[in-house]
Amino acid sequence: MEFNFKIKADREFIEREIEVFKASERRRLMLTGEDYYFGRHDILYRSRTVIGENGELEPVYNLPDNKAVDNQYRKLVNQKTNYLLGRPLTFRTDDSGYYEYLSKVFDRRFMRLMKNICKDAYNHGISWIYPCFKDGRICFKRMNGYEMIPGWRDFEHTELDYAIRVYEVVDYSKANEREQIVEKIEVFDEGGIHYFELDNKGRLVGVAPYHAAYISTGDNEFCWGRIPLVAFKRDSDECPLIGCVKSLQDGLNLILSNFLNAMEEDPRNTLLVLVNYDGDNLGEFRRNLAAYGAVKVRSIDGAAGDLKTLKVEVNAENYRTVIAIFKKAIIENGMGFDAKDSRLNGSSNQMNIQSMYSDVDLDANETETEFQASLSDLMWFVNRNFDASVPLHTADVEFIFNRDMMMNEGAVIDNCVKSLGILSRETVIANHPWVDDVMGELRAVDS
């Protein structure tokens, strides 16, 4: 199988790229973000340890070993995603025919896709949309950031020279029809997609159909003229959110787990001081204490046996304070907001609400800047139509992110009413809290 890449890449180059990517810190952080979002935190793999005879930590199995996960990271990702795209993305154009066309392209399924893309961008730092044609209309597929190896042409990471997708599938067609994980490789260039698998030595093996154009209509095949992959970035550095809060999330899980361990260690809340114990070893003493709630002591050489206690109290307030510190630090470092903020007590004005949202709003500004540029790139594919009966559209389109901020609706509506005659009706209606479809609302008002 011969390669025909613009950059004259060969098998060894692709194999080396895959090997480096799999071992990279960048991909590890992407997978960590994915794991932490779904509750697979490091605390779940921890074993309780004690100091051994040689002063080194040793695992111990007869003590409570709680592994509590308070998933503040997932809450943070959902909070940011719903703030930016919890309400449907809207668009504005002066061409009514173009608006109707785009309404069919950017339907409810696309809005759901964008919300998932945003979530992936926070978890992976970057997510991908693959535009393609199905049943005569353009559609979009979502691709995970940890599967994609982009080959950028420029330092700013705005143009692709090639891209490699690495993903796993379960294959039952191999020997004895037993479940087997197969690594699939797709290499994208301007001429189409090349298909491979990785063998157990990390070498590329070509598989059918070997090569395909991006678009097939009947007996005809087409390529876009550029690689149909659009990157949606969390920020310009493509950094996963987990990198900002992982140590804090781990600390919160650890404190919670240690608190549960301390509360469950009932026999150890009291230090026992034995004098002339009537038994062979401490293991037998612990068993008798657990089984009967009593132990036997004796007198030796006139010294009476005794059992004394030293009480050890678990101060829940200390744990509560540290847990509150960790939760606040996660919100601040992750640039989220606290829905239980004291500024919401009583009748909150809009300034207090905006102050509470200031951090998440700043972070959303950067993400929206990246997404606006990506949507502009996506429009290049939307405007290319391979159906000659549909005209090519070139009108300008403005995308509007309707951020889902808590608001004092009465004050906002009052300001909209006062702005009539100063601002256009379209601007006033677009800022009204009850309006989702601006063009539809304008038509309804005029009818």
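Here, "partly exposed" covers relative accessible areas between 20% and 50%; under 20% is buried, and over 50% is exposed. Keep in mind that everything in these views comes from a predicted model.

**View 1. Glu398 and Arg92 meet in a salt bridge.** The closest N and O atoms of this pair are 3.8 Å apart. Glu398 sits in strand β16 (residues 398–400) and Arg92 in strand β3 (residues 90–92), so the bridge ties together parts that lie 306 residues apart in sequence. How accessible is Glu398? With a relative accessibility of 41%, Glu398 counts as partly exposed, because that value falls between the 20% and 50% cut-offs. Arg92 is partly exposed too, at 22%.

**View 2. Glu15 reaches Arg203 through a salt bridge.** The closest N and O atoms here are 3.1 Å apart. Again, distant parts of the chain are linked: Glu15 belongs to helix α1, Arg203 to the loop between β9 and β10, and 188 residues separate them. Is Glu15 buried or exposed? It counts as buried, because its relative accessibility of 11% is under the 20% cut-off. Arg203, on the other hand, is partly exposed, with a relative accessible area of 47%.

**View 3. Asp161 and Arg153 join side chains, and a salt-bridge network turns up elsewhere.** The N to O distance between Asp161 and Arg153 is 3.1 Å. Asp161 is buried at 18% relative accessible area, while Arg153 is partly exposed at 38%. As for the network, Lys80, Arg234, Asp235 and Asp363 are joined into one by salt bridges that share partners. How many salt bridges does a search of the whole structure find? The count is 29.

**View 4. Five strands make an open antiparallel sheet.** Follow the strands across and the order is β6-β7-β8-β9-β10. Which strands stand at the edges? They are β6 (148–152) and β10 (204–212); each has a single partner strand, so one side of each is left without a neighbour in the sheet. From one strand to the next, the twist averages 20 degrees. Helix α1 (residues 11–22) packs on this sheet and touches β6, β7, β8 (180–189), β9 (192–198) and β10. The direction of α1 makes about 70 degrees with that of β7.

**View 5. A look at the pairing of β6 with β7.** These two strands run antiparallel and are joined by 5 bridges, with β7 spanning residues 160–171. To find your way around, look for Met148: what does it face? It stands opposite Arg165 in β7.

**View 6. Three strands make another open sheet, with antiparallel pairing.** Their order is β5-β4-β13. The edge positions go to β5 (137–143) and β13 (230–233), each with a single partner strand, so one side of each lacks a neighbour in the sheet. Neighbouring strands are turned by 30 degrees against each other on average, direction ignored. Zoom in on β4 (residues 126–134) and you'll see it pair with β13 in the antiparallel sense over 4 bridges. Trp128 is a handy marker here, standing opposite Ala231 in β13.

**View 7. Helices α5 and α10 both touch β4, β5 and β13.** Helix α5 (residues 108–124) lies across these strands, running at about 150 degrees to β4. Helix α10 (residues 358–382) packs on the sheet, and its direction makes about 165 degrees with that of β13.

**View 8. Arg108 in helix α5.** Is Arg108 buried or exposed? It is exposed, because its relative accessible area of 77% is over the 50% cut-off. Pro88 makes a useful landmark in this view: its C-alpha is 8.2 Å from that of Arg108, with the two residues 20 apart in sequence.

**View 9. Leu44, Tyr45 and Val69 form a nonpolar patch on the surface.** Together, these three have about 280 Å² of accessible area. Where does Leu44 sit? Look for it in the loop between α2 (25–37) and β1 (49–51). Leu44 counts as partly exposed, with a relative accessibility of 33%.

Notes:
Residues are numbered from 1 along each chain as its sequence is written. This is a predicted model: local features need pLDDT of at least 70, side-chain atom pairs count only at pLDDT 80 or more; totals for chains, interfaces and linings use all residues. Side-chain values use heavy atoms; hydrogens and water are left out. Patches are made of residues with over 30% relative accessible area and no salt bridge: like charges are joined within 9 Å, nonpolar side chains (Val, Leu, Ile, Met, Phe, Trp, Tyr) within 5 Å. Accessible areas come from the Shrake-Rupley method with a 1.4 Å probe; for residues, only the protein chains shown count as cover. A salt bridge is a side-chain nitrogen of Lys or Arg within 4 Å of a carboxyl oxygen of Asp or Glu. Buried means under 20% relative accessible area, exposed over 50%, partly exposed in between (1.4 Å probe, protein chains only). Two strands pair if DSSP finds at least two bridges between them. Axes are lines fitted to C-alpha atoms, for helices over the stretch in contact, and angles run from 0 to 180 degrees between N-to-C directions. Contact means heavy atoms within 4.5 Å.
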